[in-house]
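This report describes one molecular structure for a reader who is new to the subject. Please keep the sequence and the three-dimensional view at hand while reading.

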2 protein chains.
Amino acid sequence: MPRTIKLILEYDGTDFNGWQTQTARRANQKQNTSEINKRTVQNELEEALQTIFNKKPKVVGSGRTDSGVHAWGQVAHFKTTSSMPLTEMRNAINANLPDDVAIIDIAKAAENFHAQYDAKSKIYRYTILNRSNRTPLGRNYHLFYPYTLNLRSMREEAKSLIGRKDFKSFTATDPSKTPRSTIRTVKCVNIMKRGDLILIDIEANGFLYKMVRNIVGTLLAVGSGTKSKGSIKDILAQKDRNAAGPTAKAKGLALMRVEY
Amino acid sequence: MPRTIKLILEYDGTDFNGWQTQTARRANQKQNTSEINKRTVQNELEEALQTIFNKKPKVVGSGRTDSGVHAWGQVAHFKTTSSMPLTEMRNAINANLPDDVAIIDIAKAAENFHAQYDAKSKIYRYTILNRSNRTPLGRNYHLFYPYTLNLRSMREEAKSLIGRKDFKSFTATDPSKTPRSTIRTVKCVNIMKRGDLILIDIEANGFLYKMVRNIVGTLLAVGSGTKSKGSIKDILAQKDRNAAGPTAKAKGLALMRVEY
């Protein structure tokens, strides 16, 4: 009887072409060679497992993360007939993974546990360095934004995002990326200030492609005064990507936790 | 009358071949091409200044930092006849520097100020992640050390480093790197624990090549029990690099401040 193993992963997205090995896109679309050759977290993990178990199990993540997006708590599962103890398995996987990805927790899950389908909600954090001078150390983990931000109006506008809504205006226009339904439930948006850092935590039952980054780009437009009060309500109503603000850079974003 | 400009710099040493452009070594020693071609902070700064002033001033740093070593507060100076206001100059330099280095402060110094010769003391910090699992995020800024450390014995041994001493045992064996005198005054060694991190701050009037990293490697040997009580006193007395512990990795080290 194979065990279903649940993994919690941390990774630095800087040098990854995102979570997922893009087999479908490789076959269907023209892509430049550099993008095809770029590493994915899923593939690194599958190759580590192949080394340990002498066969390559299929690893399923809770969902994609884009190129450059980090994770403190991505979740994935795979099945194995190996009887290796879990602590030993965790150490073996970590020993075979490159420096920029690691297993931080491992557990036996229910046999039919599915990292993607069983996810109840996800929490993403976007980090903004809001001061006049950029900082070289840690530059891959925040967006540098030197302009004054009105956090009060950002928080006020963010309230319009809460609830079960059609987030079509906040998803990327690439039609191959859009799932059938663009309705999602945003549970909370928490905008915090810690010294020079502004943290935007967003929890939802699921996220559309580039949804967090488009929400953050729009909130920044609100905070800097480019977009006025009531904008987010209007943007949601228009169901048009062009109505929302720009896409915030990937490097400020991290998947914090997946709840089941 | 040229002004002498004092700069405080922050940089991420990961992708630099250290602070200094290695002209002497290039001419005198065989080196592989990759090392010669690797970027230095000094050169990036000189090239930014050349773009702004249409000529390349000589930039003098407080001292070298090795390949991979970071800086929160490196100090450098250069002379210029330009009358550009300082804030404008800082912004212009930062606009012309790559993402991994930035000016965090700029000031007019006394005409004969010298970043290297006038330095009274330097403070370096070494950061150790001391827990069982490595962490991919921020991995370029600490040494991962999963073994138990006895901080009490490390602090006790560190006392033997304080004062005006011959640190020959703690400098690299490369003879081209050793200055005439190996005597330095270590003012304090402060070993702190913050959660999973162990921070070792060392202040001295100057440091020999690889001195901090060799001290840290030795302190880790003390903390893990490989070296016993009284070791550091013995090592200092032997004046032999082979007596001390291994060199700790560069990436855990940062130049915090230079005092004048």
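## A buried alanine in chain A

A:A248 is placed in the loop that runs between α7 (231–238) and β10 (253–259) of chain A. Helices (H or I, at least four residues) and strands (E, at least two) are DSSP runs, numbered from the N terminus. With a relative accessibility of 6%, A:A248 counts as buried; buried means under 20% relative accessible area, exposed over 50%, and partly exposed in between, with a 1.4 Å probe and protein chains only.

Which residues is A:A248 in contact with, leaving aside its neighbours within four places in sequence? They are A:Y126, A:R213, A:V216 and A:G217, where contact means heavy atoms within 4.5 Å. A:A248 and A:I215 are 33 residues apart along the chain, and their C-alpha atoms are separated by 8.3 Å.

## Basis of the description

This is a predicted model, in which local features need pLDDT of at least 70 and side-chain atom pairs count only at pLDDT 80 or more, while totals for chains, interfaces and linings use all residues. Residues are numbered from 1 along each chain as its sequence is written, chains are lettered from A and ligands numbered from 1 in the order in which they are written, and side-chain values use heavy atoms, with hydrogens and water left out.

## Chain A as a whole

Chain A contains seven helices and 10 strands. Its C-alpha trace spans about 60 × 40 × 35 Å along the principal axes. The radius of gyration of chain A is 19 Å, which agrees with the value near 18 Å for a compact globule of 260 residues. This radius is taken over C-alpha atoms, and the globule rule is 2.2 Å times the number of residues to the power 0.38.

Of the 260 residues in chain A, 54% are buried. Among contacts between residues at least 6 apart in sequence, 71% join residues at least 24 apart. Chain A exposes about 12,400 Å², and carbon and sulfur atoms supply 47% of this area; accessible areas come from the Shrake-Rupley method with a 1.4 Å probe, and for residues only the protein chains shown count as cover.

Chain A has 42 positive and 24 negative charges, and the mean positions of the two sets are 4 Å apart. Lys and Arg count as positive and Asp and Glu as negative, whereas His and the chain ends are not counted. The place of a charge is taken as NZ of Lys, CZ of Arg, CG of Asp or CD of Glu.

## Two further sites in chain A

A:L255 is found in strand β10 and is buried, with a relative accessible area of 1%. Not counting residues up to four places away in sequence, A:L255 touches several residues, among them A:S62, A:H70, A:W72 and A:Y124. A:L255 and A:R125 are 130 residues apart in sequence, with 6.5 Å between their C-alpha atoms.

A:G225 lies in the loop between α6 (211–223) and α7. Is A:G225 buried or exposed? A:G225 is exposed, with a relative accessible area of 56%. The C-alpha atoms of A:G225 and A:N112 are separated by 49 Å, and these residues are 113 apart along the chain.

## The two copies

A turn of 180 degrees and a shift of 0.0 Å along the axis lay chain A on chain B with an RMSD of 0.0 Å. The two copies are thus related as by a two-fold rotation axis. In chain A, the C-alpha nearest the axis belongs to A:G138, at 3.7 Å from it. The same surface serves both copies, as 100% of the contact residues of chain A recur in chain B. Copies are superposed by least squares on the C-alpha atoms of residues with pLDDT of at least 70 in both.

## Sites in chain B

B:A244 is in the loop between α7 (231–238) and β10 (253–259) of chain B and is buried, at 9% relative accessible area. Leaving aside neighbours within four places in sequence, B:A244 is in contact with residues including B:F170 and B:I235.

Most residues other than glycine have a negative phi. B:N54, although not a glycine, has a positive phi of about 60 degrees; B:N54 lies in the loop between α3 (41–53) and β2 (60–61) and is exposed at 69% relative accessibility. B:K239 is likewise not a glycine and has a positive phi of about 50 degrees. B:K239 lies in the loop between α7 and β10 of chain B and is partly exposed, with a relative accessible area of 43%.
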